[in-house]
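Let's take a walk through this protein chain, from the broad picture down to single residues. Keep the structure open beside you as you read.

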Amino acid sequence: MKSPEIYQSQYPTPTARSYGGGRRTPLSIVSDAFLFFSGAVAALLLVWTFSTFSNHQPQPTSSFETPILDSKSPVSVVDNVGCAGTSNGVNLQYDPPDPNFYDDPSLSYTIENPIKNWDEKRREWLKLHPSFGPGSDERVVMVSGSQSRPCSNPIGDHLLLRFFKNKVDYCRIHGYDIFYNNVLLHPQMHTFWAKIPAVRAAMLAHPEAEWIWWVDSDAAFTDMDFKLPLHRYKHHNFVVHGWPELIYRKKSWTSLNAGVFLIRNSQWALDFMDVWSGMGPQTPNYAKWGEILRETCKDKSFPESDDQTGLVYLLLKEKEKWGNKIYVEGEYYFEGYWLEIVETLTNITAKYDGVERGERMLRRRHAEKVSQGYSALWEHFLKDAGYGKFSWRRPFITHFTGCQPCSGQHNQMYSGQSCWDAMQKVLNFADNQLDRISTIFEWKLLYKEKSKRRILSV
Ligand SMILES: *[C@@H]1O[C@H](CO)[C@@H](O)[C@H](O)[C@H]1NC(C)=O
């Protein structure tokens, strides 16, 4: 049986097309492939429980602003990074009896019930929980997820676990909470539509967070140091990777990638998701939207309405209403197409190794908790590396668009094996950055191997 993958984007990027015509696996949209665990109630409880017991403490500082470390005074690292005004002071036990929006019996997590005045409700909640105030303007909760059932690809669950571990590692280093959802929150909102109810539920469960960061399950962080440049988005409510000229001139459905996005926890976001999800399979207008989207984006290769083309549509047709608050990030790999990235990793590793050999401070062993100061020091040596394609900076996020690790129903453009091998390579590339931090760092110098993974498994 075909089981389409929840949450994994199947979109080739524009560059993907040059690798072979942009064919993709036909979507098999069958919602019965999913278990719907006694509805949104169970899911709600899950979100709720998770949020209740989550005890990470966000430490937002924004990238490109991190202080450069004087290589003779590592202690200043600690002082500087701490000054973003957060976070160890949040009180995870205090919930005053004053009524807040959670006490409103009409509050619903489900997407059919619009929410009003969310900004005020959030603000009120923050006022009642003052320990969450400091740093709240840059607090991020990452959300990802996958289907509730075992993968049909034999190696699928292993790969998803590694992808999840990768996200957990990134979040731990950067002080972000992470929520992994594996229930279908709306029985009809399957495949790529499933993320919208998950993001919305996360907003309500995390009023302390300013941003919800959706990252597809098949996307991996390949620069553990890089921080979101949140200051750049301060006048925007939604950030997505894309190419404006492909959106506005070519009107291409692959002009952006909806598999990774940042969305501000706000009334704007709730309204936007209402409109966006209004093109989804849970509505009577689904078929009609399929036609409209195909008419708008002529290169769209399948008839069903999808979230990504829907986003392009809203940028094209309702720019005044929504587009002005949407930041199309093209400068760095907010997410990047794996085929474009994988072959560059060997040279990037060599570049970083070279820099590291030349600077003793970069080789200094240190606790993971204080790694952000060392990231800042790295930044000093990466000044000329550039960003994104053709740069020798580590790509921030590598996205396995079209690979479908769980179902195994990858795009016919490439072989499944090339997908799984590339995933292992990319995930090792990320893991090796963690080992660099930790005490086994010298093993690498000792054995001069490309991958410590291999050394460790010998
Ligand atoms: C890697 O570097 C070598 C040597 O500089 C170069 O010849 C090669 O084209 C590079 N490979 C890639 C994929 O960029």
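What follows starts with the whole chain, then turns to some helices and ends in the loops.

First, a word on trust: this is a predicted model. The protein chain averages a pLDDT of 82, and 76% of the residues score at least 70. Confidence drops at the very start, where residues 1-7 have a pLDDT below 50. Even so, the model gives that stretch 34 contacts beyond near neighbours in sequence. Residues 448-458 also stay under 50 in pLDDT, and there the model has 13 contacts beyond four places in sequence. Take the placing of both stretches with a pinch of salt.

Now for the overall build. The protein chain has 17 helices and 9 strands. Of its 458 residues, 45% count as buried. How much of the contact network joins residues at least 24 apart, if you count contacts between residues at least 6 apart in sequence? The share is 80%.

Next, find helix α10, which runs over residues 307-317. This helix is mostly covered, with 8 of its 11 residues buried. The buried set opens with an unbroken run in the list, Asp307, Gln308, Thr309, Gly310, Leu311, Val312 and Tyr313, and Leu315 belongs to it as well. What do these residues pack against? On the strand side, their partners are β5 (238-242), β6 (256-264) and β7 (326-329). On the helix side, they meet α7 (244-248), α8 (267-277) and α9 (286-296).

Helix α14, spanning residues 371-381, is mostly covered too, and here 8 of the 11 residues are buried. Look along α14 and you'll find Ser371, Gln372 and Gly373 in the buried group. Ser375, Ala376, Leu377, Trp378 and Glu379 are buried as well.

Let's go back to α8, since it also has a helix partner in α6 (residues 195-205). The two pack at an angle of about 165°, with their axes 11 Å apart. Because of that angle, α6 counts as roughly antiparallel to α8. Their crossing is left-handed. Which side chains should you click on here? From α6, pick Ile196, Arg200 and Met203; from α8, they meet Ala269, Leu270, Met273, Trp276 and Ser277. The residues of this contact divide into 6 nonpolar, 1 polar and 1 charged.

Just ahead of α6 there is a loop worth a stop. Leucine 184 sits in the loop between β2 and α6. Is leucine 184 buried or exposed? It is buried, because 27 other C-beta atoms lie within 10 Å, and 20 are enough to qualify. Leucine 184 and lysine 195 are 11 residues apart in sequence, and their C-alpha atoms are 8.9 Å apart in space.

Threonine 191 lies in the loop between β2 (177-181) and α6 too. Its backbone may catch your eye: phi is positive, about 40°, although the residue is not a glycine. Threonine 191 counts as buried because it has 26 C-beta neighbours inside 10 Å.

Glutamine 404 makes a good last stop. You'll find it in the loop between β9 (397-399) and α15 (416-437). Here phi is near 55°, a positive value in a residue other than glycine. With 26 other C-beta atoms within 10 Å, glutamine 404 is buried.

Note on methods. Residues are numbered from 1 along each chain as its sequence is written. pLDDT is the predictor's confidence in each residue, from 0 to 100. Two residues are in contact if their C-beta atoms, placed from the backbone, lie within 7 Å. A residue is buried if 20 or more other C-beta atoms lie within 10 Å of its own, exposed if 12 or fewer, and partly exposed in between; C-beta atoms are placed from the backbone. Helices (H or I, at least four residues) and strands (E, at least two) are DSSP runs, numbered from the N terminus. Axes are lines fitted to C-alpha atoms, for helices over the stretch in contact, and angles run from 0 to 180 degrees between N-to-C directions. Angles under 35 degrees count as roughly parallel, over 145 as roughly antiparallel, 65 to 115 as roughly perpendicular and the rest as oblique. A crossing is left-handed if the near helix is turned anticlockwise from the far one by less than a right angle, and right-handed if clockwise. Ala, Val, Leu, Ile, Met, Phe, Trp, Tyr, Cys and Pro count as nonpolar, Asp, Glu, Lys and Arg as charged, and the others, Gly among them, as polar.
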